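Colleague: Could you walk me through this one before I start picking at details? I would like the accessibility terms settled at the outset.

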Amino acid sequence: MNRETAKVLGMPGSVKGKIHPGWLIILAGLAVLLIGMLYSVSKGSMAIPVQVAWDAVFHRDMTNPQHMVIYNLRLPRVIASALIGASFGVAGALMQGMTRNPMADAGLMGLNAGAGFMLSICFAFFSGISYLEIIILSFAGAAMGAGLVYGIASLQRGGASPMRLVLAGAAVTALLTALSQSIAIYFNVARSLMFWTSGGVAGSDWSQLKLVAPITIAAIIGAMLLSRSVSLMNLGEDVAQGLGLKTAAVKTIGTILVLLLAGASVAVVGAVGFIGLVVPHLCRSLVGVDYRYIIPASAVFGALLLVTADLAARTINPPSEIPIGALVALIGVPFFLYLARKQRRAG
């Protein structure tokens with residue numbers, strides 16, 4: 001048994017009786033995230049001191065206009081950023097771990113485009129639909145997008161290799177995006193769809209969070225409970241089966257969790273890609289190859305990335321806002337090109 005397998009199984013070769021360094025990194029990231037969220041709440045078109053922001057969160061005075069701005073506008077926005085960033089990060093970690101594909105990401109694998117396509121249909125044909133129904137249809141759209149990508153990539157001999165998945169994802173994403181825009185223009189709902197196309201959390205409110213937060217939190221907890229099995233899957237399906245893992249069940253549960261995370265996220269922020277691509281790689285370099293640490297670390301650092309991007313979107317050129325998707329892409333696109341070049345060399 002090699003050292004990597006021993007670490008995954010928690011057998012000799014892993015540190016016993018001591019706190020794993022990965023947990024220290026996760027706790028440090030969590031502390032930075034909480035500080036960043038408090039700082040982000042205090043920044044905007046109207047500058048509010050951090051102490052006032054703290055009082056608005058923990059000692060709210062409904063007669064104080066600054067407290068009202070914090071509680072009704074900024075706080076749900078920052079919490080939504082953290083939840084959705086964590087969801088995208090965990091979804092990417094699950095996909096990369098289960099498929100052993102370092103380029104797996106909800107945006108690249110067609111999930112975001114599929115959910116966006118269903119949103120365009122909602123706006124065009126079901127204008128009076130409830131937000132819960134929009135989320136459910138986003139799940140269906142994400143499943144459709146992923147199914148198309150995996151189906152197309154599996155047509156050729158050799159199956160769905162990482163590069164074929166990326167190429168199929170690019171084709172399906174382009175197709176579904178073009179269909180979404182065509183529907184939006186023809187049925188005159190382009191303005192409504194524009195928010196989801198550019199990506200952002202400006203419209204987040206408490207009613208949305210009450211629906212989305214239980215789904216995303218439950219899915220993230222489920223991913224953490226599945227993390228040991230994902231680590232075994234990452235060693236190879238044959239190895240995992242030899243160790244007694246029911247790989248079909250793990251794939252099914254993991255796929256459901258990814259669809260929940262991606263579908264709910266797109267329903268809130270729209271087309272924000274690359275978080276699930278970049279964050280798991282960063283976490284893998286910080287905490288090692290064990291997904292018992294990669295998944296919670298991806299939740300923390302994914303949340304930190306999107307909270308930071310939202311803060312930058314509001315403060316770089318006030319009072320105008322830069323789309324979050326564009327800011328994240330500034331990091332994600334070069335990283336994607338680096339991974340693609342690395343995969344080509346490896347192939």
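Modeller: Let me fix the terms, then: a residue is called buried under 20% relative accessible area, exposed over 50%, and partly exposed in between. Please also keep in mind that this is a predicted model.

Colleague: Fine. Where does Trp 23 fall, buried, exposed or partly exposed?

Modeller: Trp 23 has a relative accessibility of 37%, and because that value lies between the two cut-offs, it counts as partly exposed.

Colleague: Let me step back. How many helices and strands does the chain have?

Modeller: There are 15 helices in the chain and zero strands. The radius of gyration is 20 Å, close to the 20 Å that the globule rule gives for 347 residues, so the chain is as compact as a globular protein of that length. The C-alpha trace spans about 65 × 55 × 35 Å along its principal axes.

Colleague: What share of the residues counts as buried?

Modeller: Of the 347 residues, 50% count as buried. The accessible surface comes to about 16300 Å², and 66% of that area belongs to carbon and sulfur atoms. As for contacts between residues at least 6 apart in sequence, 74% of them join residues at least 24 apart.

Colleague: And the charges, how many positive and negative side chains are there?

Modeller: The chain carries 23 positive and 11 negative side chains, with the centres of the two sets 11 Å apart.

Colleague: Back to the rings. How many aromatic pairs are there?

Modeller: The structure holds six aromatic pairs. In one of them, Trp 23 and Tyr 293 meet edge-to-face, at 5.4 Å centre to centre and with 80° between the planes. This pair links distant parts of the chain, since Trp 23 sits in helix H2 (residues 21-42) and Tyr 293 in helix H14 (residues 291-315), 270 residues apart. Tyr 293 has a relative accessible area of 12%, which makes it buried, whereas Trp 23 is partly exposed.

Colleague: What about Tyr 186 and Phe 187, how do their rings sit?

Modeller: Their ring centres are 5.0 Å apart and their planes stand at 80°, so that pair is edge-to-face. Tyr 186 is exposed at 68% relative accessible area, while Phe 187 is partly exposed at 35%. Ring pairs also bring in Phe 125, which forms a cluster with Tyr 186 and Phe 187.

Colleague: Changing topic to helix H4: is Ser 87 buried or exposed?

Modeller: Ser 87, which is placed in helix H4 (residues 65-99), is buried, with a relative accessible area of 0%. Leaving out residues up to four places away in sequence, Ser 87 touches Thr 216, Ile 220, Leu 261 and Ser 265.

Colleague: And Gln 96, what does that one contact?

Modeller: Gln 96 also lies in helix H4 and is buried, its relative accessible area being 2%. Apart from neighbours within four places in sequence, its contacts include Asn 101, Pro 102, Asn 234, His 281, Arg 284 and Tyr 291.

Colleague: Last one, what is the phi of Arg 100?

Modeller: Arg 100 has a positive phi of about 55°, although it is not a glycine. Arg 100 is found in the loop between H4 and helix H5 (111-125), and at 49% relative accessibility it counts as partly exposed, because the cut-off for exposed is over 50%.

Definitions and conventions: Residues are numbered from 1 along each chain as its sequence is written. This is a predicted model: local features need pLDDT of at least 70, side-chain atom pairs count only at pLDDT 80 or more; totals for chains, interfaces and linings use all residues. Side-chain values use heavy atoms; hydrogens and water are left out. Helices (H or I, at least four residues) and strands (E, at least two) are DSSP runs, numbered from the N terminus. The radius of gyration is taken over C-alpha atoms; the globule rule is 2.2 Å times the number of residues to the power 0.38. Buried means under 20% relative accessible area, exposed over 50%, partly exposed in between (1.4 Å probe, protein chains only). Contact means heavy atoms within 4.5 Å. Accessible areas come from the Shrake-Rupley method with a 1.4 Å probe; for residues, only the protein chains shown count as cover. Lys and Arg count as positive and Asp and Glu as negative; His and the chain ends are not counted. The place of a charge is taken as NZ of Lys, CZ of Arg, CG of Asp or CD of Glu. Rings of Phe, Tyr and Trp (its six-membered ring) pair if their centres lie within 6.5 Å; planes under 30 degrees apart count as stacked, over 60 as edge-to-face and the rest as tilted.
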